[in-house]
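Work through the exercises below with the sequence and the model at hand. Each task is followed by a solution in steps.

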Amino acid sequence: MRQIIPFFLAFSLVFSVTAQAAPAVDAAGAATLKKQIDDELQWRVDMAKIFGQGLVTGGKTEVTPKNGFYEAALPHISLLGDKQSKLVIGKVTLNIAPGEAGAWLVQQVTLPLTATLYDAKSATQATIAIGKQRITATWLPDQGLYPKVDAQLENLIIRGIGKDAPTVKAAMLKSLINLKDNGNGTWSGPADFGAGGITIDMPGQNPLSVSLDKVNSHNVYDRLDVSQPLKTRQAAQESLKAGLPKTDEEKRAFVARLLTQNPVNAEGISSTL
């Protein structure tokens, strides 16, 4: 069951503000948005191939102009975990409106209501069910940044498969990020995570039940500078056009460059639980 935790955190990493004088919604805008989504997905897919964990996609992105927004259907999504486990999520859809200065206002993200975790032999290990969801965000593709995220999942149930497999329930999980542009290339503001109504039931000869009323993490960033990670990512993407590193030595060298050239700088970061 511990394999599910990083997968769920990946959910939390998903994407509103009102647009003023935004660009028109048309076929050209749909093509631009599709390319930016594909670039974002491809970067993560390439990283999964190098690291052995992360995003796997199947199919194509489809972006359709609607009345004032674009409907984007992502490819089939899965996440590779440790020990060759795989969380199969399915199709994710987004309603995205154009904002100012190249921003995209993600007005709605719809995750599949169920997902399944498989082991390396494709045996089902657990199922995940979501009761309700609300996910919005602001995406700045030219900066590789999601400065605003408001995400909440309700009535989440993770059921292990097997006679003595545990069941984890959460009445609510939420993530709230609200970074503001300081005008000098840095960002400041809170990034919070919270969970409530958590229960863990473990059957068996010695059954155990654990409950947690709520837990919250409050983080505040002061003058967060993400320019260097963006430059490193852009350089890495350019180098990957020649092909992915194949040997273990090439992979280690690639990862070392990312780690040494990828600092996220901030004047201050404060955290409270």
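**Exercise 1. A salt bridge between strands**

Task: Find which elements hold R134 and D150, and state what their pairing ties together.

Solution. The model is a predicted one. Begin with the contact: R134 and D150 form a salt bridge through their side chains, at 2.8 Å from N to O. Next, place the partners: R134 is in strand β10 (residues 132–140) and D150 is in strand β11, so the salt bridge ties together parts 16 residues apart in sequence. Last, classify the exposure. The class partly exposed runs between 20% and 50% relative accessible area. R134 has 39% and therefore counts as partly exposed; D150, with 28%, is partly exposed too.

**Exercise 2. A salt bridge within a helix**

Task: Explain why D38 and K34 are separated by about one helical turn.

Solution. The structure holds five salt bridges, and one of them joins D38 to K34, with the closest N and O atoms 2.8 Å apart. Both residues belong to helix α2 (residues 27–51); because they are four residues apart there, about one helical turn separates them. For exposure, D38 has a relative accessible area of 24% and is partly exposed. K34 is partly exposed at 31%.

A further salt bridge links the side chains of R223 and D222, at 2.7 Å from N to O. R223 is partly exposed at 38% relative accessibility, and D222 is partly exposed at 30%.

**Exercise 3. Positive phi**

Task: For K83 and N155, state where each lies and whether it is exposed or partly exposed.

Solution. Most residues other than glycine have a negative phi. K83 departs from this with a positive phi near 55°. K83 sits in the loop between β4 (76–80) and β5 (86–90). Its relative accessible area is 62%, so K83 is exposed, the cut-off being over 50%.

N155 also has a positive phi near 55°, but N155 lies in strand β11. With a relative accessible area of 44%, N155 is partly exposed.

**Exercise 4. The β14 and β15 hairpin**

Task: Describe how β14 and β15 pair, and what patch M202 helps to make.

Solution. Start with the pairing: β14 and strand β15 (residues 208–225) are antiparallel, over 15 bridges. Within this pairing, G196 stands opposite K214 in β15. Five residues lie between the strands of the hairpin, where G204 takes a positive phi near 120°.

Then turn to M202, which belongs to strand β14 (residues 186–202). M202 is partly exposed, at 32% relative accessibility. Together with L208 and V210, M202 makes a nonpolar surface patch of about 230 Å².

**Exercise 5. Buried residues**

Task: Which residues touch the most other members of the largest nonpolar core, and which strand gives the most to it?

Solution. The largest nonpolar core has 39 residues, and L33, I37, V92, L94 and I96 touch the most other members. Strand β11 (residues 145–160) gives the most to this core, with six residues. Another core lies apart from it and has eight residues, including M47, A236, L240 and V255.

Finish with S78 in strand β4. Its relative accessible area is 6%, so S78 is buried, the cut-off being under 20%. Beyond its neighbours within four places in sequence, S78 is in contact with G54, L55, V56, K86, L87, V88 and I89.

Definitions and conventions: Residues are numbered from 1 along each chain as its sequence is written. This is a predicted model: local features need pLDDT of at least 70, side-chain atom pairs count only at pLDDT 80 or more; totals for chains, interfaces and linings use all residues. Side-chain values use heavy atoms; hydrogens and water are left out. A nonpolar core is a set of buried Ala, Val, Leu, Ile, Met, Phe, Trp, Tyr and Cys residues joined through side-chain atoms within 4.5 Å. Buried means under 20% relative accessible area, exposed over 50%, partly exposed in between (1.4 Å probe, protein chains only). Helices (H or I, at least four residues) and strands (E, at least two) are DSSP runs, numbered from the N terminus. Patches are made of residues with over 30% relative accessible area and no salt bridge: like charges are joined within 9 Å, nonpolar side chains (Val, Leu, Ile, Met, Phe, Trp, Tyr) within 5 Å. Accessible areas come from the Shrake-Rupley method with a 1.4 Å probe; for residues, only the protein chains shown count as cover. A salt bridge is a side-chain nitrogen of Lys or Arg within 4 Å of a carboxyl oxygen of Asp or Glu. Two strands pair if DSSP finds at least two bridges between them. Contact means heavy atoms within 4.5 Å.
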